[in-house]
2 protein chains.
Amino acid sequence: MEYKFLTDTDIQFFRNLIGTENVLISDFEIYASDATEKLEFFPDIVLKPHTSEEISEIVKYCHKELLPITPRGAGTGLAGGALPVKGGVLLSVERMHKILDIDTKNFQVTVEAGVINFNLQQALFQHNLFFPPDPSSWQSSLIGGNIATNAGGPKAVKYGVTSNYVLNLEVVLPNGEIIWTGANTLKNSTGLNLTQLFVGSEGTLGIITKAVLKVMPQPKFDVSMLVPFRNLYEACDAVSEIMYAGLNPAALEFMEKNAIQITTEYLEQNSFLEGLNKDLFENNEAHLLIMFDGNSFESIMNEAQKTAEVLGKFDIGEILFADAELEKERIWKIRRRVAEIVKMNGYTIEEDTVVPRANLAKLVEGMHKLANENDYKVVCYGHAGDGNLHVRINHPIHKNSYNNPEIQIILKKLFEEVKKLGGTISGEHGIGLIQKSYLPIVFSQANLDLQKSIKQSIDPKNIMNPGKVWI
Amino acid sequence: MEYKFLTDTDIQFFRNLIGTENVLISDFEIYASDATEKLEFFPDIVLKPHTSEEISEIVKYCHKELLPITPRGAGTGLAGGALPVKGGVLLSVERMHKILDIDTKNFQVTVEAGVINFNLQQALFQHNLFFPPDPSSWQSSLIGGNIATNAGGPKAVKYGVTSNYVLNLEVVLPNGEIIWTGANTLKNSTGLNLTQLFVGSEGTLGIITKAVLKVMPQPKFDVSMLVPFRNLYEACDAVSEIMYAGLNPAALEFMEKNAIQITTEYLEQNSFLEGLNKDLFENNEAHLLIMFDGNSFESIMNEAQKTAEVLGKFDIGEILFADAELEKERIWKIRRRVAEIVKMNGYTIEEDTVVPRANLAKLVEGMHKLANENDYKVVCYGHAGDGNLHVRINHPIHKNSYNNPEIQIILKKLFEEVKKLGGTISGEHGIGLIQKSYLPIVFSQANLDLQKSIKQSIDPKNIMNPGKVWI
């Protein structure tokens, strides 16, 4: 598809439509990159509409004029989904940040796409409610982006991912039509599940403008346990044992030795860990961070106790139980900030592998073998309860995987290993730009053809986030 | 689309492919109807393949020859989805009843589409696992059909519906290609969510042949409470109060007076309720049937106790607590058999309305008002915790809604009321044949066009379950 170059007439149209102050034609460095590797792609124009109707008019115009559109949330994505690789229009939903309704009787909220996850949490907290999806980026990422990537987070092991909380979406289609995808109901067998088709579609099928989300009563209590393991693979195997014992952790996170080391060193230097017993991090190959939550303090302490019993058969160090706020905050800070801190330490390339939980040990083993064979450093951490392991690569030369044949060979091997273990490429980040060349490893040609034919039927002119997911 | 008439050559092709004994060309009355109203549509031929490859060959042939295919599970559907309205091929998956794998470490099972829900439950029980979706038809319905309709059941209020348990599907597409839709992982942000597109697609996009399902550890204990209400609308309002108190029932079912009366009368005559105190059913306008489950008996008794406290503000009769097996079986039999028994009593037309839970009282009120105004009898019961209310109609003259202008006028008003309350047409039965004319009440033209364009892109010749969902 040949896109049109942006003209002065186009700029004037957009200025008239949404106001000159909401149209940027220069100084948009911050819109040229996101949290993915070290990549930069410049749009031709940045638009910041503040209603669905404005977005509809923008899209109708782009549809007619053949201008590519890249929708963008907070730019916290890790797969390059919000990068305007074809130039054209960068459409930011940042000004659509209204929480439209909190329905405490039905446990539903209606939000605009630009609401920050954290702000939604704060508003819900007033009503003793919460929105379970809690990606690491939750303090800045937007709900629209969370939905577009089907974001997860530590609590997914008990509560599920974003898709489990999306009841209904308002979407601007590539032809500019505004639709609601479903109904504001907990159950729905009425027609095709368009709602779930748009969840995780990474802006390739339309622009999510509003969402009706299911929320939950905030559990009254939680307790966390940090468990040091002498043996890396025992830490992985313990994950399955905990689940098989019928325990229901609200989080079950894994961090291997170097992830902990790099992160705690940084946090210590910045005085974030004062009062924490440093012996916890010595002579251990991995840690599990486990949380239980619920409305009965006794019940969750019981679950924690049973977990400790299950873990007794493994070679573990002293378990740190944390039920006081400060203590919990300290140990969770390590997990929450690991990605950012290891990235600062040169681990710029991040993969988002996911396998059936019991294959976690094999996956970690495979990742290390591959790193040794190819002379790079690797650090693994992630949502072990879901089998979702983030693998960060520190390559002595290359800092990007995108368009880099040497790294692509490595990643191809990595994903082939993932596929062999019954897994897939992305658990919660999406495919976006940087993972798209690996899709044939996990999908048959017939599957990919089907995905593309759906994309083609919804966006025949390929104006919506072009250059993403499929090649 | 003009379909071809079945010829002797076609019959011979199918006989050669799957064996003469698996091809019926007469005596297929049982394949001409399902559990929907009183409808009959005859296919031209019934095929019972027993592998995905056989199905692939059948579909390739039908695709080439332009023969319509209606996929069928156990025929327990309530929307006519399995009725061969265009004649042609009725494809039954009944011979594909193998449980291929029970993975106790990852809580996953792989099954063929023809496995009976009950048989899966029995097999899982040996491993202390269970598959939460439990539609009323669970003793005979097939997993393939459960997936195709996104079936629910009483436990959906705590555990979610079928879609929440489908990780990956093997599907034969309308061109005969066999694909797996996703991966066997708990999280997945890799490409479009084809898995959830096929869940609830009612055989219109392809034939589900295998499924990888998520299962759960079987909770050790459960307790049920039957709560009589003097006031119908208080019973509805109590549902929201229970949820807002942070209680987490595994089932929260509603039955109004006449549902209970008709059902208990029948069950008593057949000696199913011996030993149950009949006073429970006197002078009450509705009942809630509430279940709690978990691994701590103390915890669930605590939840039941708190529920009783919440209910104290309503005008209720004596609560029957049931924790003994026989007692639980007796009170659940009333709920499990209500649909079948009221149907025998002339309530042949069933609707599957769903609204935001807090609007339940208004919905019940609206249904009764409509019945009074239009001189028919109505009985309401259902999954109140999800806002999913089954409305059965006993019309003095008409026993079907299909192609009946008089009933269609009534149902149009009913669904307009549902839409006004924020709800939709079907919570767990699907649209199939009998609900399709009402879709414009809940979907905009742009939404319907989108659904149809997806159908068109996957099945351009419209051979897959034609005449269903869309007109």
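**Entry 1: the two domains of chain A**

I started with the seam inside chain A: domain 1 of chain A and domain 2 of chain A bury about 860 Å² between them, and 49% of that is on carbon and sulfur atoms. This is a predicted model, so I keep in mind that every value here is computed from it.

Which three residues give the most on the domain 1 side? I found A:P154, A:V157 and A:K158, which supply 61% of the area that domain 1 of chain A buries against domain 2 of chain A, more than any other three residues.

I checked the bounds next. Domain 1 of chain A runs over 99-217, and domain 2 over 221-343. Their C-alpha centres lie 29 Å apart. Nine residues of domain 1 of chain A are in contact with eleven residues of domain 2 of chain A.

**Entry 2: charges at that seam**

How many salt bridges are there between domain 1 of chain A and domain 2 of chain A? I count two. I looked up a salt bridge between A:K158 and A:D293, whose side chains meet at 2.6 Å, N to O. A:K158 had already turned up among the three residues that supply 61% of the buried area on the domain 1 side.

I also noted four residue pairs in polar contact between the two domains, both residues at pLDDT 80 or more. On the side of domain 1 of chain A that touches domain 2 of chain A, I sorted the residues into five nonpolar, one polar and three charged.

**Entry 3: what the record says**

I looked in UniProt for chain A. The unreviewed entry places "domain: FAD-binding PCMH-type" at residues 39-218. Over that stretch of chain A I read 22% helix and 24% strand, with the end C-alpha atoms 39 Å apart.

**Entry 4: chain B against chain A**

Then I moved on to the two chains. The contact takes 81 residues from chain B and 80 residues from chain A. Chain B and chain A bury about 5,900 Å² between them, and carbon and sulfur atoms give 58% of that area. In chain B, the residues that lose the most area to chain A are B:K187, B:S189 and B:L192, together 15% of what that side buries.

I went through the polar side of this interface as well. The rule finds four salt bridges across it. A:K187 forms a salt bridge with B:E428, where the closest N and O atoms are 2.7 Å apart. I also have 31 residue pairs in polar contact between chain B and chain A, both residues at pLDDT 80 or more.

Which elements of chain B supply the touching side? Those with at least two residues each include β9 (178-180), α7 (232-244) and α9 (297-311) of chain B. The largest share, eight residues, comes from α14(B), which spans 445-458. By type, I split the side of chain B that touches chain A into 31 nonpolar, 41 polar and nine charged residues.

Terms used: Residues are numbered from 1 along each chain as its sequence is written. Chains are lettered from A and ligands numbered from 1 in the order in which they are written. This is a predicted model: local features need pLDDT of at least 70, side-chain atom pairs count only at pLDDT 80 or more; totals for chains, interfaces and linings use all residues. Side-chain values use heavy atoms; hydrogens and water are left out. UniProt positions are given in the numbering used here, feature names are shortened, and annotations may be inferred rather than shown by experiment. Helices (H or I, at least four residues) and strands (E, at least two) are DSSP runs, numbered from the N terminus. Domain bounds come from an automatic or database domain assignment. Contact means heavy atoms within 4.5 Å. Buried area is the accessible area (1.4 Å probe) that two parts lose on being put together, summed over both. A polar contact is a pair of N or O atoms within 3.5 Å; within protein, one must be able to donate a hydrogen and the other to accept it, and residues adjacent in sequence count only if both atoms are side-chain atoms. Ala, Val, Leu, Ile, Met, Phe, Trp, Tyr, Cys and Pro count as nonpolar, Asp, Glu, Lys and Arg as charged, and the others, Gly among them, as polar.
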